[in-house]
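User: I've got a chain with a ligand on my screen and want to get my bearings. Could you walk me through it?

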Amino acid sequence: MADIDEMKSEWLARVDGAGDLAALEQERVAALGKQGAVTGLLKTLGGMSPEQRQAEGPRIHGLREAVTEAIAARKRALEQAELERRLATERLDLSLPTDAGPRGSVHPVSQVMDELAEIFADLGFAVATGPEIEDDWRNFTALNIPETHPARAMHDTFYFAQAETPPPTSGRERATRMLLRTHTSPVQIRTMMDQEPPIRIIAPGRTYRSDSDATHTPMFHQIEGLVIDRGIHLGHLKWTLETFLKAYFERDDIVLRLRPSYFPFTEPSAEVDVGYHMEKGRRVLGGSEKWMELLGSGMVHPKVIANCGLDPDEWQGFAFGCGIDRLAMLKYGMDDLRAFFDGDIRWLRHYGFAALDVPTLSGGVGA
Ligand code: PHE
């Protein structure tokens, strides 16, 4: 039958003529789809006599196969051409320098910790550390904060669940109860128990309290200072804090005010205020126009010294504790503490430091 041959060459030409995959799909539907021309021809087989079907069947099936194959071949050719076009146009020049540069930056808290270590190293202080998971005894009891002391309630402590369910009865059992340290002061205990005096250390690190608003986050950073030696008095404390804060804020006009206060582990205790003034709506440290509270300090309580196995008649000292995040906010002008720990890359790009901005006293601790 001549018309099948004709149909065949017509469809093969149409398939070959399809310029892209969408056009090819249209031809496939027109030939082989439910309403397609070739499908229509196949349907006529049912109405033929057996002899006719024997003669026509192979030819019609042959037509369908030829068209199917032609479509597959055309599809491969079109896909290959598309791939070659993309390979030719989407070129990656590996010899080009990347335009991104380093993406990371040093977090202001890390930067300030390095600045503090630099300043205190110059004053002869070593850096001490302690674990963030601390025991009740070092976080409280040894610091003269007994079981029933109201200061415990003020610390909003995160305690770990006890391994044993029955509540501890004796003080000894309670001493092993674990918690997230609420301040860096347990490092005082660790250092006094591990080292022979004289001791001069700072201990920067993470601390935890169940508290959250614009100026409090459940995790925050403190720096502890501890000096234990013979003949230490409040004058040493005041000089050390003044020298430290002048170096940190890079201003000679820093004025401190020591206010009587209370901490169970220091006696006497002093809250330290620093003078500031307003410049263009921003707080600038220096002078004594207005005062803001900056840190807690005092002479180490004789009981604490004795708890660590030292003789308080021989050894005295001072200690202080200060929020590092606060120090960073004051120096670098951030106003919301929560943004410190959101991990927002835009904030880090704005406030972060380049990896090579290592603070040095000669180069400036402000980097
Ligand atoms: N640990 C105290 C606090 O977190 C601060 C402090 C440290 C006070 C050392 C005095 C001496 O509030």
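**Around the ligand**

User: Which element gives the largest share of the shell around the ligand?
Analyst: Before the answer, a word on the model: it's predicted, so local features need pLDDT of at least 70 and side-chain atom pairs count only at pLDDT 80 or more, while totals for chains, interfaces and linings use all residues. Residues are numbered from 1 along each chain as its sequence is written, and side-chain values use heavy atoms, with hydrogens and water left out. Elements are DSSP runs numbered from the N terminus, with helices (H or I) of at least four residues and strands (E) of at least two. The largest share, 3 residues, comes from β10.

User: Which residues come nearest to the ligand?
Analyst: A residue is near a molecule if one of its heavy atoms lies within 4 Å of it. There are 14 residues around the ligand, and the nearest are H183, S185, R209, Q222 and G321.

User: How many residues of the shell are nonpolar, polar and charged?
Analyst: Here Ala, Val, Leu, Ile, Met, Phe, Trp, Tyr, Cys and Pro count as nonpolar, Asp, Glu, Lys and Arg as charged, and the others, Gly among them, as polar. By that split the shell has 4 nonpolar, 8 polar and 2 charged residues.

User: What is the distance from a ligand oxygen to the side chain of R209?
Analyst: A polar contact is a pair of N or O atoms within 3.5 Å. Ligand nitrogen atoms pair with side-chain N or O atoms of H183 at 3.0 Å and of S185 at 2.9 Å. For R209, a ligand oxygen is the partner, and the distance to its side-chain N or O atom is 3.0 Å.

User: How much of the ligand's exposed area does the protein bury?
Analyst: Accessible areas come from the Shrake-Rupley method with a 1.4 Å probe. Taken alone, the ligand exposes 330 Å², and the share buried by the protein is 90%.

**Elsewhere in the chain**

User: Where is the cis bond that P198 takes part in, and what is its omega?
Analyst: P198 belongs to the loop between α9 (186–194) and β4 (199–208). The cis peptide bond runs from P197 to P198, with omega near 5 degrees.

User: Which strand holds P268?
Analyst: E267 and P268 are joined by a cis peptide bond, with omega about 0 degrees. P268 is in residues 266–279, which is strand β7.

User: What is the phi of N144?
Analyst: N144 sits in the loop between α6 (136–139) and α7 (150–154). N144 is a residue other than glycine with a positive phi, near 65 degrees.

Conventions:
A polar contact is a pair of N or O atoms within 3.5 Å; within protein, one must be able to donate a hydrogen and the other to accept it, and residues adjacent in sequence count only if both atoms are side-chain atoms.
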